[in-house]
Amino acid sequence: MQQIDEHKRLEKDESSWPIRFRLRSEEKQIGRWTTLSWSIDNVELYDHNRTQGDASTGTCYERVLTLYRDERTDYRFNLSSQDPHLFIVCEENNEQLSPLLITVAQSVASSYMDGDYQVLHIQMPLPVQAWMEAFIGRHGELIEFKKKRYKDKKGRSSGN
C-alpha cells in the first residue's frame, strides 16, 4: 500500500509537479575572503518512468512545485517577464544548503530573503510555463480589486 501512495505522490497533476534537482557549490574568492557560491544543477521534471538519480553525481533533491489559486497574479507576473524563473528557497546549516520549497511566485520567494534563508533561481523550463498557463486558464486570471477614488466626490471628512 505504501508503494502505491509513494507512486501517486510523485505524479504530476493540475496543481502540483515534482521537480528533481541538485545543488552545486563552488568556492569563490571575494577580496580576502573565500565563500561558497551555490547554484541549481541538473533540473529534471519528474517522469515516473525514469530511474531515481544516481548517487555518483551528488545529492539529488526533490520538491513538489504546487500552484495555488490565490497566487495567480504572481504567476502571471512571472510568466509575463522576459525571463520567467523557478525559485528554490534553501536553509543553510553548517555550510550546507537544504532546500525547503520550490515556488514560481516571486512574492513568496522574496518573503524568505530577509531571514536566514537563501533563495536560488533558475530559468523556468518551457513545459512548466505551459502547465502554469493551463492552470491560469482553468481557474481564470486573478484580478485584484482596489477601491476607486473619485476626484469629484468629497469624502466624509469634507464637511459637506
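**Reading a predicted fold, starting from a histidine pair**

Q: Which side chains are joined by a polar contact of 3.3 Å?
A: Those of His85 and His121. Bear in mind that this is a predicted model.

Q: Where is His85, and which backbone oxygen lies 2.6 Å from a polar atom of its side chain?
A: His85 is part of strand 4. The backbone oxygen is that of Asp83.

Q: Is His85 buried or exposed?
A: Compare the relative accessible area with the cut-off: buried means under 20%. His85 has 16%, so it counts as buried.

Q: What does His85 touch, leaving out residues up to four places away in sequence?
A: Asn78, Val104, His121, Ile122, Gln123 and Met124. His121 thus appears in this list as well as in the polar contact.

Q: Let me step back. How many helices and strands does the chain have, and in what pattern?
A: Four helices and six strands. Along the sequence the pattern reads α-β-β-β-α-β-β-α-β-α.

Q: How do I read the packing of the whole chain?
A: Take burial, then contacts, then surface. Of the 160 residues, 30% are buried. Among contacts with a separation of 6 or more, 66% are between residues 24 or more positions apart. The chain exposes about 11,600 Å², and carbon and sulfur atoms supply 47% of that area.

Q: Which residues touch the most other members of the largest nonpolar core?
A: That core has 28 residues. Leu23, Leu65, Tyr75, Leu86, Val104, Val128 and Met132 touch the most other members. At least two core residues come from each of these elements: strand 1, strand 2, strand 3, helix 2, strand 4, strand 5, strand 6 and helix 4. Helix 4 gives the largest share, five residues.

Q: What is Leu86 in contact with, beyond its neighbours within four places in sequence?
A: The list includes Ile19, Leu65, Ile102, Val104, Leu120, His121 and Val128. Met124 and Pro125 are also among them.

Q: How is a pair of aromatic rings described?
A: By the distance of the centres and the angle of the planes. In this chain the count is four aromatic pairs. Take Trp17 and Trp131: their ring centres are 5.3 Å apart and their planes stand at 85°, so the pair is edge-to-face. The pair links distant parts of the chain, with Trp17 in strand 1, Trp131 in helix 4, and the two positions 114 residues apart. Both Trp17 and Trp131 are buried.

Q: Why is the pair of Tyr75 and Phe135 edge-to-face?
A: Because the planes are at 70°, and over 60 degrees counts as edge-to-face. The centres are 6.3 Å apart. Tyr75 sits in helix 2 and Phe135 in helix 4, so the pair ties together parts 60 residues apart in sequence. Tyr75 is buried at a relative accessible area of 1%, and Phe135 is buried at 2%.

Q: Which residue lies over the face of Trp17?
A: Lys12, at 4.4 Å from the ring centre.

Q: How does Val43 read, in strand 2?
A: Start with accessibility. Val43 has 31% and so counts as partly exposed. Next, contacts: outside its neighbours within four places in sequence, Val43 meets Ile19, Arg20, Phe21 and Ile122. Last, a backbone distance: the C-alpha atoms of Val43 and Glu62 are 9.6 Å apart, with the two residues 19 apart along the chain.

Definitions and conventions: Residues numbered from 1 in each chain as written. Predicted model: local features only at pLDDT ≥ 70, side-chain atom pairs only at ≥ 80, totals over all residues. Heavy atoms only, no water. Buried < 20%, exposed > 50% of the residue type's maximum accessible area, 1.4 Å probe, protein only. Contact = heavy atoms within 4.5 Å. Areas by Shrake-Rupley, 256 points an atom, 1.4 Å probe, with all protein chains shown as cover. Phe/Tyr/Trp six-rings, centres within 6.5 Å; stacked < 30°, edge-to-face > 60°. Lys NZ or Arg CZ within 6 Å of the ring centre and 35° of its normal. Core = buried A, V, L, I, M, F, W, Y, C linked by side-chain atoms within 4.5 Å. Polar contact = N/O pair within 3.5 Å; in protein donor to acceptor, adjacent residues only side chain to side chain.
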